[in-house]
Amino acid sequence: MIRSLAAFSAALFFTTAPAMGQSAPFNVRYDDNIPTLEEFAGHDFRDEVTRPETAIAYIRALEEAAPDRVDVFSYATTWEGRELVYAVIGSPERMADLDRVRAGMNALANPDGMSAAERDRLIEEMPIVVWLSYGVHGDEISPTGAGLRTAYHLLAAEDDETVETIFDNALIIIDPTQNPDGRSRFVNSFESARGLEPSADRYAVEHDQPWPRGRYNHYLFDLNRDWFSLTQPETRGRVREMQVWWPQVVVDSHEMSGDSTYFFAPSAEPFNPNIEAHQRRTQELIGRNHVGYFDELGYHYFTREVYDAFYPGYGDMWPTLHGAVSMTYEQGSARGLSWRRPDGSILTYGDGVDRNFVTSLSTVEAAARNRVQLLGEYADFRASGGRQPNGNEAAVFDASVNSWNADRLARQLAYQGITVERLEGRQSLCGATFDDGAYVVRYDQPAGRLARTLLEPTTDLPSDFVDEQERRREAGLNAQLYDVTAWALPLMSNVEATQCRRAPGSAGVIVSADGLPDAQLVDMDAAWGFAIPWDDAGQAHLVAALAREGVQMRTTTVPFRIGNTTYPSGSVVVPRSDNGAELEFLITRHARESGAEVHGMESSWVDEGPNPGSGNFSPVFAPRIALLWGQGVGATETGATRYILERRYNLPVTIIRPASIGRADLDRFDVIIMPDQGFPGYNSMLGSARSALQGYVRDGGVLVGLGTATRWLADADNGFLPLQRERAAQSPRDAEGQSAGVTDGSVLTSEAERMIAEAVHGAMPDSSPGALVSVTANTDSWMSAGYENGAYALVTGSDIYAPVALDDATTALRFAGPEELLQGGYLWAEYAEQLAHKPFVVTRRMGRGHVVAFTQSPTTRAYLEGLDLLLLNAVILGPANSSRLR
């Protein structure tokens, strides 16, 4: 049970001589043999923002001082070469037997075949594992100080009943700085702005971080959204290590606005329906333990507001769906050493360290005192799997259609502890036929709730919560949705998945998280050359690799057929005569890297469609890509775009600040990408560059706008695209109320109405809470190559664009009709009606070049892998279909 208020008060204010130099709370006697941070680094836990390298060095110093109670593990290296570590802290007896602890935790987490007696024995013997994570956002600074202080307190406190109880019952894992690249960026900007003394003024430069701020990692990812996407090394390392220790309690310690107090669990509504009642009860149990400390110390806090437990990509939600009781804590941030609040009070960095330290120790204490109960509930969660009364029992997805994405999806699931099976050959499963193999994910497995959450098309919001959001909208209030409402991985990978009411009876080979699919190399000794179908991103990966090797290739805008094989638009031919003796070696090597499919061509003769010498074929070059990067650009979309191109497809990107575009030599680039806008927007940053960009496109360049960058391209004053954003269909304006770039909204109820709207010239919608929708392709456009069967896009924000006349621009992909539109998540009904049939991707020929606009970003969080090929169409096929003079 939780300790009583009287008991904690006695320990909290037990003071001894000599003074330890540590501020309240928890003034207990400390062991002089354990170094304080001040002795190690020259400053106290509360006094300075500790650099990430110093934080890690201090953790290692604690290990050196108490090797029988601390073991430090290195778990990843950031893009900038910084080490990530965590410390395992426990009693000497426990630390001497870590292998047995790991084995016991693994047995509880994966209990197949385990007897009830063995389960009970493990619960009796095993410690509860509590994982404390700090500073996933690099400019949320006090959590790291609290993590270091928690480690010191556990190791140095002498004759303390609470610490003894913790060591008797718990194993503590402390990850002191989850995002050292971002933290280093923050500390550098803060230190560079410091003067004689810290300023509490919120507008002081030391609080005003330069773009892109310290929140993000090197590739500008919000690492607290990456847990199931697994794009970044920091996340992949943590996910791997959590499957070593299988923690039962997890804390993700954050900061929020300096004008706020402190948030701890219980979480806000909505809760993901795959969370169990006992997990919610334990959140409250731990929260109540915090309240005892906070009330005694006079700390203010709030619960059950703002921070929900719905989206599975958070640092608290991913462990929750594996069975842990996981919680986000949020401390008001000084964003430096001091911050003046509106009431005139001063919040200090040290205040944040204190409060985060209290909740850290309180969490471990509550877990330790409830060890048997929490271990038992965790074991039950894992043993019961993802079984649901009258629910689906499995998901099956095709292994051969869009095979690059299907294979990556299977391995992505396997990496996070979900068992995936591969069935070979023709399969008839769950009412569907798979011609050449399938992947099966059964929900009746220890990670079944996570699997179900990630694979079912939608996770339903509670009906009463939805009703309340609709009421709030009618009242003119903001919706209480903290993140997107859809994340189905098959949809985001553009992989068709079938939900099975009954799990398939046949068992397959377990998929490993490592490796790549097998390349399909057919007739590699063919005389004329090779054909590479353009039907998934793995094929484009191969083409990009060959282009960088200098291989001469040509791509088609019109499908062609050889024998029984039809090669779609975008497909690439590689003549032997235009290339050197190493051609076959290069194709084979790079095809194996991407699992690509390559067919030999005996001659250039085709049975239907254009021959390779036709004007419908154009040369393919290694694209020279520039990306706008800096003030005026949205950080996360920019970073994700760069990451996809560089790390997923090995295409180098030159980053250029918007303010430099007007004087840059743009002829050096084949493609310029404009990501989502950020403050103060492209109108402020690109005013003097408009004519330079116009000239660039007319001379054969490809200008690509993503998401809200389309607003700038659609501005009539800029002259790039004849697009107009729509107002809400329910709120038209009279002619005098019209404004540039915006038009009255419309609802297209049929394909016929869409065609009429495109044939003629002619209050914004409520922001979408983030849903997955269908898009359909105009197969006559080169930009839609590989998407003959459509795809799925994530819709956020309020931008809806009116249809564009066919003589002005080409709509390459558009949102599906109202009956097929919504595939996952939640959309306001009137938003869905107005979005149907409207443009998703628009292209315009401008001189010798092209302008390409995505009205919704395809690169969000790099988790829409099914749209990767669409981005590659813009950067590889775009230059091929331009007429740049070389």
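Select Pro212 to begin: this residue is found in the loop between H9 and H10, where helices are DSSP runs of H or I with at least four residues and strands are DSSP runs of E with at least two, both numbered from the N terminus. The peptide bond that leads from Trp211 into Pro212 is cis, with omega near 5°. The model is a predicted one, in which local features need pLDDT of at least 70 and side-chain atom pairs count only at pLDDT 80 or more, while totals for chains, interfaces and linings use all residues. Residues are numbered from 1 along each chain as its sequence is written, and side-chain values use heavy atoms, with hydrogens and water left out.

Stay in that loop and move to Leu230, which also lies between H9 and H10. Its phi is near 60°, a positive value in a residue other than glycine. Most residues other than glycine have a negative phi, and most peptide bonds are trans. Leu230 counts as buried because its relative accessibility is 5%, where buried means under 20% relative accessible area, exposed means over 50% and partly exposed is in between, with a 1.4 Å probe and protein chains only.

Next, select Trp246, in the loop between H10 and strand E5 (249-256). Here phi is near 45°, again a positive value in a residue other than glycine, and Trp246 is buried, with a relative accessible area of 6%. From there, go on to Pro266, in the loop between strand E6 (262-263) and strand E7 (268-271), where the peptide bond from Ala265 to Pro266 is cis, with omega near 15°.

Now turn to the charged pairs. Side chains of opposite charge can pair when their charged atoms come close. The structure holds 58 salt bridges, each being a side-chain nitrogen of Lys or Arg within 4 Å of a carboxyl oxygen of Asp or Glu.

Which residue meets the side chain of Arg225 in a salt bridge? Display Asp483 together with Arg225, and the two side chains are joined at 2.7 Å, N to O. Arg225 lies in the loop between helix H9 (180-193) and helix H10 (233-245), and Asp483 in the loop between helix H17 (463-474) and helix H18 (489-492), so the pair ties together parts that are 258 residues apart in sequence. Arg225 is buried at a relative accessible area of 9%, and Asp483 is buried at 11%.

Another pair to select is Arg576 and Glu584, whose side chains meet in a salt bridge of 3.3 Å, N to O. Arg576 counts as partly exposed at 25% relative accessibility, and Glu584 is partly exposed with a relative accessible area of 32%.

Then bring up helix H21 (residues 635-648), in which Glu646 and Arg642 both lie, four residues apart, about one turn of the helix. Their side chains meet in a salt bridge at 3.4 Å, N to O, and both residues are buried. To see a wider arrangement, select Glu140, Arg215, Asp222, Arg225, Asp483 and Arg861, which salt bridges with shared partners join into one network.

Two helices come next. Helix H14 (residues 371-384) has 14 residues and reaches 20 Å from its first C-alpha to its last, close to the 20 Å expected at 1.5 Å a residue, the expected span being 1.5 Å times one less than the number of residues. Colour its buried residues, among them Leu374, Leu375, Tyr378 and Phe381, and then step to Gly385, just after H14, which takes a positive phi of about 60°.

Helix H15 (residues 403-415) has 13 residues and reaches 18 Å from its first C-alpha to its last, close to the 18 Å expected at 1.5 Å a residue. Twelve of the 13 residues of H15 are buried, so this helix is largely enclosed by the rest of the structure; the buried residues include Trp404, Asp407, Arg411 and Tyr415. Just after H15, Gly417 takes a positive phi of about 85°.

Finish at the surface by selecting Asp32, Glu38, Glu39 and Asp47, which form a negative patch. Patches are made of residues with over 30% relative accessible area and no salt bridge, with like charges joined within 9 Å. Asp32 lies in the loop between helix H1 (5-12) and helix H2 (37-41), and counts as exposed at 65% relative accessibility.

How values were computed. Patches are made of residues with over 30% relative accessible area and no salt bridge: like charges are joined within 9 Å, nonpolar side chains (Val, Leu, Ile, Met, Phe, Trp, Tyr) within 5 Å. Accessible areas come from the Shrake-Rupley method with a 1.4 Å probe; for residues, only the protein chains shown count as cover. Lys and Arg count as positive and Asp and Glu as negative; His and the chain ends are not counted. The place of a charge is taken as NZ of Lys, CZ of Arg, CG of Asp or CD of Glu.
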